[in-house]
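Visitor: I'd like to learn how to read a model like this one, feature by feature. Could we put it on the screen and start with the charged side chains?

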Amino acid sequence: MADDIPITRNVVPPQRAEGIRQRVRKMERLGQGEDASRLARRDDAAGLLALLSDPAVHAPIYSLPRPLTLQTVEGFIARHEEERERGEGLLFVRERDGRIMGYSDFQIWPDWAAGELGGALHPSQHSKGQGTRGAAESFGWMFEALDLDLLCMTASMENTPTQRLLDGLGFARMGCVLSTRPDGTTRESLVWEMTREAWQKRSPAETP
Ligand SMILES: CC(C)(COP(=O)(O)OP(=O)(O)OC[C@H]1O[C@@H](n2cnc3c(N)ncnc32)[C@H](O)[C@@H]1OP(=O)(O)O)[C@@H](O)C(=O)NCCC(=O)NCCS
């Protein structure tokens with residue numbers, strides 16, 4: 001998504017990077033039960049547009065298409081299918097009763113064994129702890145199932161819930177970058193990172 005992240009870039013051997021790409025290409029689901037997410041398909045575009053159209057969902061996220069239309073959301077899904085084929089990205093959705101209630105956008109940098117997660121929940125689900133629980137599950141999955149060494153996350157200056165979520169899970173603040181939206185406009189983002197080693201050493205008290 002952004003050119004300036006991750007801040008930490010440790011190049012891994014080509015074989016390791018290829019292994020990460022192969023893992024990404026195979027992924028279809030994350031999690032179990034009703035909170036499980038699955039790969040987004042082209043025919044999810046209308047449902048995803050319905051979720052993203054609410055400013056409480058799209059305003060804090062720099063990586064979403066602008067403007068948000070059925071066509072641009074179809075393009076967003078198609079781009080992620082291409083990224084998955086390259087082993088560099090995944091787009092997952094979470095459904096309940098036929099409605100898309102959340103999405104997760106994984107950007108993977110295999111050469112650095114690093115990744116970024118973006119996403120959102122339906123506004124009816126905000127501020128109940130679900131975002132923290134889901135993010136923690138996704139971060140653990142990125143380290144273990146995708147074999148990453150580093151996670152890099154961003155949040156806008158105004159996005160208090162995401163800032164608190166990342167601080168609370170023990171991510172380290174790494175400064176600021178300028179994030180570029182698909183329409184070329186920019187915004188300042190705060191940056192956090194977490195290593196696999198630090199994630200594994202987290203105390204049980206930090207587990208949501
Ligand atoms: C970001 C998001 C996933 C967080 O999930 P959530 O379920 O709403 O958040 P949680 O209930 O887990 O709360 C996370 C932290 O933010 C705090 N928080 C929640 N809502 C808040 C609000 N409206 N104002 C201030 N703080 C808030 C919580 O108290 C918690 O902090 P704490 O652990 O220090 O008490 C969700 O709000 C969302 O989808 N937002 C829109 C899209 C977005 O911002 N995506 C992230 C950027 S990619």
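Visitor: Which residue does the side chain of Arg86 meet in a salt bridge?

Guide: A quick caution before we start: this is a predicted model. As for the general idea, side chains of opposite charge can pair when their charged atoms come close. Here the partner of Arg86 is Glu88, with 3.3 Å from N to O. Arg86 itself is partly exposed, because its relative accessibility is 41%.

Visitor: What else does Glu88 form a salt bridge with?

Guide: Glu88 also pairs with Arg21, and there the closest N and O atoms are 2.8 Å apart. Look at where the two sit: Glu88 is in the loop between helix H4 (70–86) and strand S3 (89–96), while Arg21 belongs to helix H1 (residues 14–26), so this pair ties together parts 67 residues apart in sequence.

Visitor: Is Arg21 buried or exposed?

Guide: Buried means under 20% relative accessible area. Arg21 comes out at 14%, so it counts as buried. Glu88, at 22%, counts as partly exposed.

Visitor: How many salt bridges does the count come to?

Guide: The count is 14 salt bridges. Another one to click on is Arg41 with Asp43, at 3.1 Å from N to O. Arg41 is partly exposed, with a relative accessible area of 41%, and Asp43 is exposed at 61%. Some salt bridges share partners, too: Arg16, Asp147, Asp149 and Arg196 are joined into one network that way.

Visitor: Let's move on to helices. How do I read a pair of them?

Guide: Two packed helices are described by the angle between their axes and the distance between the axes. Try helix H2 (residues 45–52) and H4: their axes come within 9 Å and cross at roughly 110°.

Visitor: What word goes with that angle for H2 and H4?

Guide: Angles of 65 to 115 degrees count as roughly perpendicular, and therefore H2 and H4 are roughly perpendicular to each other.

Visitor: Which residues in H2 and H4 meet?

Guide: From H2 you have Ala45, Ala46, Leu48, Leu49 and Leu52, and from H4 you have Leu70, Val73, Glu74, Phe76 and Ile77. Sorted by class, the contact has nine nonpolar residues, no polar ones and one charged.

Visitor: Now the backbone. Where are the cis peptide bonds I should look at?

Guide: Check omega, the angle about the peptide bond. A cis bond joins Ile5 and Pro6, with omega about 0°, and Pro6 is in the segment before H1. The bond from Arg66 to Pro67 is cis as well, with omega near -10°. You'll find Pro67 in the loop between helix H3 (55–58) and H4.

Visitor: And what is phi of Ala113 near?

Guide: Phi there is near 50°, a positive value in a residue other than glycine. Ala113 is in the loop between strand S4 (99–109) and strand S5 (114–121). It counts as buried because its relative accessibility is 0%. Ser127 also has a positive phi, about 65°, without being a glycine. Ser127 is in the loop between S5 and H5, and at 79% relative accessibility it counts as exposed.

Visitor: How about a residue's surroundings? What does Gln130 touch?

Guide: The trick is to skip the close sequence neighbours and see what remains. Not counting residues up to four places away in sequence, Gln130 touches Asp35, Arg94, Leu121 and Gln125. Gln130 lies in helix H5 (residues 130–144) and counts as buried at 15% relative accessibility.

Visitor: Which residues is Ser37 in contact with?

Guide: Leaving aside neighbours within four places, the contacts of Ser37 are Glu28, Arg29, Leu30, Phe92, Val93 and Arg94. Ser37 is in strand S2 (residues 37–39), and at 5% relative accessibility it counts as buried.

Visitor: Last one: which residues does the UniProt domain annotation cover?

Guide: The unreviewed UniProt entry carries the annotation "domain: N-acetyltransferase" for residues 35–197. Over that stretch the chain is 34% helix and 34% strand, with the end C-alpha atoms 27 Å apart.

Notes: Residues numbered from 1 in each chain as written. Predicted model: local features only at pLDDT ≥ 70, side-chain atom pairs only at ≥ 80, totals over all residues. Heavy atoms only, no water. UniProt positions renumbered as here; feature names shortened; annotations may be inferred. Helix = DSSP H or I, 4+ residues; strand = E, 2+ residues; numbered from the N terminus. Buried < 20%, exposed > 50% of the residue type's maximum accessible area, 1.4 Å probe, protein only. Contact = heavy atoms within 4.5 Å. Salt bridge = Lys/Arg side-chain N within 4 Å of Asp/Glu carboxyl O. Axes fitted to C-alpha atoms, helices over the stretch in contact; angles between N-to-C directions. Parallel < 35°, antiparallel > 145°, perpendicular 65-115°, else oblique. Nonpolar A, V, L, I, M, F, W, Y, C, P; charged D, E, K, R; others polar.
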